[in-house]
Amino acid sequence: GDAREATLTITYGDDSRTIAISQAKFQEAGEVTTYTDTLVSSMFKATSTTYTEFSGVAGTNGAVYAGKSAKSSNGGYIQLRSSKSEDGIVTTASGGKVKKIVVEWDEANTTVGRTLDVYVSNTAYTSATELYGTSVVGEKIGNIVMGTSTELVIEGDYDYVGLRSNSGAMYIKSITITYEK
């Protein structure tokens, strides 16, 4: 059946303990479950155009996000850049196999041609700095270009994803990541 949760309280004298019990959705052997995480700026620490580190942002089914971003002054969207070699978004815990990235651009404020590079790995990221320099974790598998594309389908089995601006500032309303388990 479907996933379900219950709360159980055990009382012994004046002492009581409450625990949560959960059961995952039943799946036949070999059946694949797909789910998505939609990332928006309110999930991260930045409250202004000052770039701010974040970590421990939990997704819906196991993925955990970290990185460094800002919040655009026009609309409060995710703001990423590449000039400091430390900005971007990465997964530090996997939620399954990464299958697709969809970007909703702030088209009014992002220059046509700005490129979001997509990296994948089977090793957990620790910070967005791992998407820069000579010791890049994983591999750049493709990109999403403002004015040309809004999504990237990922072939293969990769557990972790990293996202960063290729060059210059970009403004993103949301990033939806599709996982399979």
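**Exercise 1. Work out whether Arg 4 is buried, partly exposed or exposed in this predicted model.**

Solution. Start with the number: Arg 4 has a relative accessible area of 55%. The cut-off for exposed is over 50%, so Arg 4 counts as exposed. As for where to look, Arg 4 sits in strand β1. Now jump along the chain to Ile 21: the two are 17 residues apart in sequence, yet their C-alpha atoms are 8.4 Å apart in space.

**Exercise 2. Find the residues of the nonpolar surface patch and the strands that supply them.**

Solution. Ile 21 takes us there: together with Leu 8, Ile 10 and Ile 19, Ile 21 makes a nonpolar surface patch of about 340 Å². Next, the strands: β1 (4-12) and β2 (15-23) supply at least two patch residues each. Take Leu 8, which lies in β1. Its relative accessible area is 37%; partly exposed runs between 20% and 50%, so Leu 8 is partly exposed.

**Exercise 3. Describe the largest nonpolar core and say which element gives the most to it.**

Solution. First, a bit of background: in soluble globular proteins, nonpolar side chains tend to be buried together. Here the largest nonpolar core has 29 residues, and those with the most contacts inside it are Tyr 65, Ile 89, Ile 101, Ile 172, Ile 175 and Ile 177. Elements giving two or more residues include β3 (34-39), β8 (97-105) and β13 (170-180). The top contributor is β13, with 5 residues. Don't stop there, though: another core lies apart from this one, with 8 residues, among them Ala 66, Val 90, Leu 131 and Val 137.

How values were computed
Residues numbered from 1 in each chain as written. Predicted model: local features only at pLDDT ≥ 70, side-chain atom pairs only at ≥ 80, totals over all residues. Heavy atoms only, no water. Patch = residues over 30% accessible without salt bridge, like charges linked within 9 Å, V, L, I, M, F, W, Y side chains within 5 Å. Areas by Shrake-Rupley, 256 points an atom, 1.4 Å probe, with all protein chains shown as cover. Salt bridge = Lys/Arg side-chain N within 4 Å of Asp/Glu carboxyl O. Helix = DSSP H or I, 4+ residues; strand = E, 2+ residues; numbered from the N terminus. Buried < 20%, exposed > 50% of the residue type's maximum accessible area, 1.4 Å probe, protein only. Core = buried A, V, L, I, M, F, W, Y, C linked by side-chain atoms within 4.5 Å.
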